[in-house]
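Got your viewer open? Let's take a short walk through this one, selecting a few things as we go.

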Amino acid sequence: MTDPKHAPISVDEMAHAFEEDTGPADLSRYAVEDWLTLAIFWGMALCVFLQFFTRYALNNSLAWTEEIAANCLVVIVFLGSVMCVRMCRHIQVDLLYRLISKRSARLLQGLVDLVVIGFFAYMTWLMWRYVAVVGSERMVTVDLPRGIVFYAVLAAFALMFLRSVQNLVKDMTSSKTVREQAEEADIPAGV
C-alpha cells in the first residue's frame with residue numbers, strides 16, 4: 001500500500017522538483033523595521049565572523065566585536081518584536097477564542113488589544129525614563145554611547161505601541177481581525 005500523499009517518485013523527478021518557476025517573490029508584507037532588522041542582523045553576523053576569524057585564524061581576537069555583536073542582538077530582538085506585533089506572531093493562548101462565539105471572541109480580542117496597547121505605552125514611557133538616566137554611559141570596548149542601543153529599544157517599544165494601535169483599528173474596521181488573518185496565512189495551500 002502506498003500513501004497517495006507520499007507516492008514514490010523517480011530520481012529524475014526528484015532532481016527536477018525545484019526547477020519549476022515560482023514567480024517573483026512578494027516582499028509587500030515587509031515594513032521598514034523588517035529591513036532595518038535584516039541589515040542589523042547581517043552587521044551582527046559580520047562581527048561574529050570577524051571575531052571568529054581573528055580569534056582562530058589570526059590568534060589575536062578583536063575585543064570590540066563581541067560587544068558590538070551582543071548589542072546588535074539586543075536591537076534585533078526588539079525590532080523583530082515589532083514585526084511580531086504587526087503580524088500577530090507573538091505566542092498566545094487561543095483555546096478560549098475557539099471555545100466562545102465569534103462575537104465574544106472579537107470582543108475579547110479588542111480587550112486584549114487594549115491591554116497590549118497599555119503595556120507598550122507603559123514600556124515606552126519606562127524606557128524613555130531609563131534612557132534619560134543611563135543614555136550617556138559609554139560602551140566598554142568601543143568609545144560609543146550605550147544610548148545608541150537604548151534609543152533603538154525605545155524606538156522599538158514606541159513602534160510596538162503604534163503597531164498595536166494599528167491592529168486595534170484594523171480589528172474594529174475590518175470583517176476579520178488581524179489574528180484571524182494571521183491564522184489564515186498559516187494554512188498551507190491545498191489543505
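Which residues does Thr37 touch, not counting residues up to four places away in sequence? Select Thr37 and look around: you should find Ile76, Leu79 and Gly80. Keep in mind that you're looking at a predicted model.

Stay on Thr37 for a moment. Its home is helix α2, and its side chain reaches the backbone oxygen of Glu33 at 2.7 Å. Is Thr37 buried or exposed? It counts as buried, because its relative accessibility is 12% and the cut-off for buried is under 20%.

Now select the whole of α2, residues 32-57. With 26 residues at 1.5 Å a residue, this helix should span 38 Å, and its end C-alpha atoms are 37 Å apart, so the two agree. Colour its buried residues next: Glu33, Asp34, Thr37, Ile40, Met44, Cys47, Gln51 and Thr54. An α-helix has 3.6 residues a turn, so residues three or four places apart point the same way. What covers the buried residues of α2? Show α3 and α6, which are part of the cover. Just past the helix, stop at Asn59, where phi is positive, near 55 degrees.

Next stop: the core. Select Ile40, Ile68, Met127, Phe157 and Met160, the residues with the most contacts inside the largest nonpolar core, which has 24 residues. Two or more residues each come from α2, α3, α5 and α6, with the largest share, 8 residues, coming from α3.

Finish by zooming in on Met127. Leaving aside residues up to four places away in sequence, Met127 touches Phe150, Val153, Leu154 and Phe157.

Technical notes: Residues are numbered from 1 along each chain as its sequence is written. This is a predicted model: local features need pLDDT of at least 70, side-chain atom pairs count only at pLDDT 80 or more; totals for chains, interfaces and linings use all residues. Side-chain values use heavy atoms; hydrogens and water are left out. A nonpolar core is a set of buried Ala, Val, Leu, Ile, Met, Phe, Trp, Tyr and Cys residues joined through side-chain atoms within 4.5 Å. Buried means under 20% relative accessible area, exposed over 50%, partly exposed in between (1.4 Å probe, protein chains only). Helices (H or I, at least four residues) and strands (E, at least two) are DSSP runs, numbered from the N terminus. Contact means heavy atoms within 4.5 Å. A polar contact is a pair of N or O atoms within 3.5 Å; within protein, one must be able to donate a hydrogen and the other to accept it, and residues adjacent in sequence count only if both atoms are side-chain atoms. The expected span of a helix is 1.5 Å times one less than its number of residues.
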